[in-house]
Amino acid sequence: MTAMDDRPLDPRTLVSELEGHLLIEAARAEGRAEAVRFARSLAWLTDTQREEVEEAYVDNHLALARRSWERTARRGRELRAEYEAAYHALRRRLCTAFLLGAVVVLAVVTLGSVGAR
């Protein structure tokens, strides 16, 4: 499978895009269902007004969902950066401890062989 410019498509990119479209459609369907339920409670609306209210409700629902997803993604990036920093710090400490241990072992072996002569 290739893109329009003959570059091969990355399957992960396709899956991510498909998931995004499915997520948006699910949010849109959820918004429509809630919009219909809300508009029904306003029995005095004309059909045109009801459609306008439903459309505005769906738009607001999608905007709210998008902001929520953006906050979640931003927090995920923040947490990833925090965990990566902690991982790198632990890795540095482990490497330092290993090198220090190797130096101590080497010193003991060297001193032991010098003392045995």
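**Note on charged residues of helix H2**

1. Asp-47 and Arg-50 are joined by a salt bridge between their side chains, 3.5 Å from N to O. The term is used here for a side-chain nitrogen of Lys or Arg within 4 Å of a carboxyl oxygen of Asp or Glu. Because the two residues are three apart in helix H2, about one helical turn separates Asp-47 from Arg-50. Asp-47 counts as exposed, at 59% relative accessibility. On this scale buried is under 20% relative accessible area, exposed is over 50%, and partly exposed is in between, with a 1.4 Å probe and protein chains only.

2. On provenance, this is a predicted model, in which local features need pLDDT of at least 70 and side-chain atom pairs count only at pLDDT 80 or more, while totals for chains, interfaces and linings use all residues. Residues are numbered from 1 along each chain as its sequence is written, and side-chain values use heavy atoms, with hydrogens and water left out.

3. Helix H2 covers residues 47–115, and Arg-71 lies in it. Helices are DSSP runs (H or I, at least four residues) numbered from the N terminus.

4. How many salt bridges are found in the whole structure? The search gives seven. One of them pairs Arg-80 with Glu-84, whose closest N and O atoms are 3.0 Å apart. Both residues lie in helix H2, four residues apart, or about one turn of the helix. Arg-80 is exposed, with a relative accessible area of 57%, whereas Glu-84 is partly exposed at 36%. Elsewhere, Arg-75, Glu-78 and Glu-82 form one network through salt bridges that share partners.

5. Within that network, the closest N and O atoms of the Arg-75 and Glu-82 salt bridge are 3.5 Å apart. Arg-75 is partly exposed, with a relative accessible area of 39%, and Glu-82 is also partly exposed, at 45%. As general background, side chains of opposite charge can pair when their charged atoms come close.

6. Charges outside salt bridges also deserve a comment. A surface patch of positive charge is made up of Arg-67, Arg-71, Arg-74 and Arg-77. Patch members have over 30% relative accessible area and no salt bridge, and like charges are joined within 9 Å. Accessible areas come from the Shrake-Rupley method with a 1.4 Å probe, and for residues only the protein chains shown count as cover. Lys and Arg count as positive and Asp and Glu as negative, without His or the chain ends. Each charge is placed at NZ of Lys, CZ of Arg, CG of Asp or CD of Glu. Within the patch, Arg-71 is partly exposed, with a relative accessible area of 44%.

7. Which residues gather in the patch of negative charge? They are Glu-51, Glu-52, Glu-55 and Asp-59. Glu-55 belongs to helix H2 and is exposed, with a relative accessible area of 55%.

8. Is His-61 buried or exposed? At 17% relative accessibility, His-61 counts as buried. This residue is found in helix H2. Apart from neighbours within four places in sequence, His-61 is in contact (heavy atoms within 4.5 Å) with Ala-27, Glu-30 and Gly-31.

9. Arg-91 is placed in helix H2 and is partly exposed, with a relative accessible area of 47%. Its C-alpha atom is separated by 33 Å from that of Ser-113, the two residues being 22 apart along the chain.

Technical notes: Patches are made of residues with over 30% relative accessible area and no salt bridge: like charges are joined within 9 Å, nonpolar side chains (Val, Leu, Ile, Met, Phe, Trp, Tyr) within 5 Å.
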